[in-house]
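Grab a pencil and let's work through some exercises on pockets. Have a look at the structure first, then try each task before you read its solution.

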Amino acid sequence: MSKLLYANFFRLWKNRLFLIGLGFMFFAGGFLVFQQYRQLTGYGAAVKLDSTFFVYTVMIGVISSIFCSLFLNVEYNDGTIRNKITAGHKRTAIYFSNLIVNIIASFLFCLSYILANIVVGIPLIGTLTIPLSKTVLILTGSMITIIALCSIFTMINMLIHSKAIAPIICVTAMFLSIFFVNEVQRILDNPQYWYDGSVNTAYVGGTKRKQLEFIYNALPAGQEMQYSRKNIENINEMCLYSIGITIITSAAGVFLFRKKDIK
Amino acid sequence: MEFILTAEGLNKKYHHSKALNNFSLHIPKGSIYGFVGENGAGKTTFIRIICGLQAPASGSYTLYGVKNSEKEITKVRQRAGAVVESPSIYLDMTAINNLKHQYQILGLPSYDGIFELLQLVGLSNTGRKRAKNFSLGMRQRLGIAVALVGNPDFLILDEPTNGLDPQGIIEIRELILRLNRQRQITVLISSHNLDELSRLATHYGFIANGSIVKELTAKELEKSCRKCMILTVTNTEVLARILDSMSLEYNIVSDTAANVYGEIPVSELSLALAKDNCKILSIREQDETLESYYINLIGGGKYE
């Protein structure tokens, strides 16, 4: 598999989309920090680097879905996956080498965003105020979520060889899950009682709340949302769900890819 | 005879249609094997199977003496290069980077030989031009160069001249001949361009409805493709009677025409026909080509 990884990384460094993605994430990181700085200088608002530092967790899902789809689908579209198989590589190795490259590329997108926050943010609005241990936990948790997302996107793109369909499925699914999770979050955020002590009729409790909480914690989009809000209350549960998603999608993906007729 | 590739009783189904049906084939070492058949006959399916892209439903094939059911089959596949349907190249990369990528896939220790490969396929001056800006012929040649990385001794080319202009076809033909003669590479080439194939192939395999109908060498084909005279006359019954009396081999192809084989005593024949009031309208010589052989074989049910 090392040969395939070497070849994939060779292609990654020469891939325009990857370089554009890195540039975009750096720009986005710098732009958000600068907006905070304008709040500070314009209105004297108390801004912190904390408010922008983890926003990458919301963006990375969409960025990864686009990148993974276009990067992997080229293999089918240009027919280059045939070279790998004819060269005697096992399909499992081809699958995992593609997954690993997607994960690394997505990590690098995040790193690019974080780098912009550090380089632009620290001189302008100061350092993080949340404890280092919490920062490390959020970073670790979000990386595990990214692995789960990449596993899903890799599975879809390795099994659907249509250049048009696979990216549409990935990007649409990502957006839909973000909108869905946003709605779930809005429902869950409703307080049980108002400030005056009256009961909030919009509050959802009981089994339905548990079901919504499960969705919020299990879906990678929900996890991203929580990490962006620096909420690590359910981090263990979220990590377990992400690991489960990674194992299930990778196992299913490899199983079906090994049986797939390639044209 | 030593065979690079043999297939015995291969079967492959797509949904309800049989792509390969008890397919058997034998490719001798050092040959240029012309794989001939109509669209949907099963040529590409067979090529995909031997490249490991698809699995047969039943039957087996042997590559370099290793059966497809053995574990070593993936290793011996490295000794083969293939261009299946379209050239397998990254369109957003240059020719050199495409080759470097293939070197890495094969795990070759250095990039030695890249320039020679580019020279061999006539792409040494493409510089930083990306493959998407190449002509179809250039892409096809780059695809062949990629397939040649690692010095394979078996090259599989599926319709390599599809969509090429006459110059491109000549370039690909010369390249294949050069590879076969200079590097002793065995070539399996499927093509619809029978005229082009007849200039290259040393062996032929004719496929129809997923089965090999006939395998023969170019020499055997040459023997089978006999010269004949096409005679157009006013009365073929009279012609048949006279040809029988002269012990000439023939076959009547229409109400007014017949193919006559062997040396024809034209004066004697015309006099005899004139005696029975049968006029000769035209006489012309015809060589049976690969194309007519193929038409006879596939269309005429001449399955030997």
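For sorting residues, count Ala, Val, Leu, Ile, Met, Phe, Trp, Tyr, Cys and Pro as nonpolar, Asp, Glu, Lys and Arg as charged, and the others, Gly among them, as polar. Keep in mind that this is a predicted model.

**Exercise 1.** Describe the largest pocket: its space, its lining and the elements behind it.

*Solution.*
- Step 1, the space: the largest pocket holds about 810 Å³.
- Step 2, the lining: 27 residues line the largest pocket, and Arg91(A), Gly52(B), Ile73(B), Thr74(B) and Arg77(B) lie nearest its centre.
- Step 3, the elements: two or more lining residues come from each of helix H6 (91-125) and helix H11 (235-259) of chain A, and helix H2 (73-76) of chain B. H2(B) gives the most, with 3 residues.
- Step 4, the sorting: the lining splits into 7 nonpolar, 9 polar and 11 charged residues.

**Exercise 2.** Now do it for the second largest pocket.

*Solution.*
- Step 1, the space: about 350 Å³ lies in the second largest pocket.
- Step 2, the lining: 15 residues line the second largest pocket, and the closest to its centre are Asn15(A), Leu70(A), Val74(A), Lys163(A) and Asp92(B).
- Step 3, the elements: helix H2 (16-43) and helix H4 (56-77) of chain A are the ones giving two or more residues to this lining. The top giver is H4(A), with 5 residues.
- Step 4, the sorting: you get 6 nonpolar, 3 polar and 6 charged residues in the lining of the second largest pocket.

Conventions:
Residues numbered from 1 in each chain as written. Chains lettered and ligands numbered in written order. Predicted model: local features only at pLDDT ≥ 70, side-chain atom pairs only at ≥ 80, totals over all residues. Heavy atoms only, no water. 1 Å grid on protein atoms, 1.4 Å probe; cavity = no way out; pocket = protein on both sides within 12 Å on 5 of 7 lines; lining within 4 Å. Points joined across faces, edges and corners; volume = space filled by probe spheres on them. Helix = DSSP H or I, 4+ residues; strand = E, 2+ residues; numbered from the N terminus.
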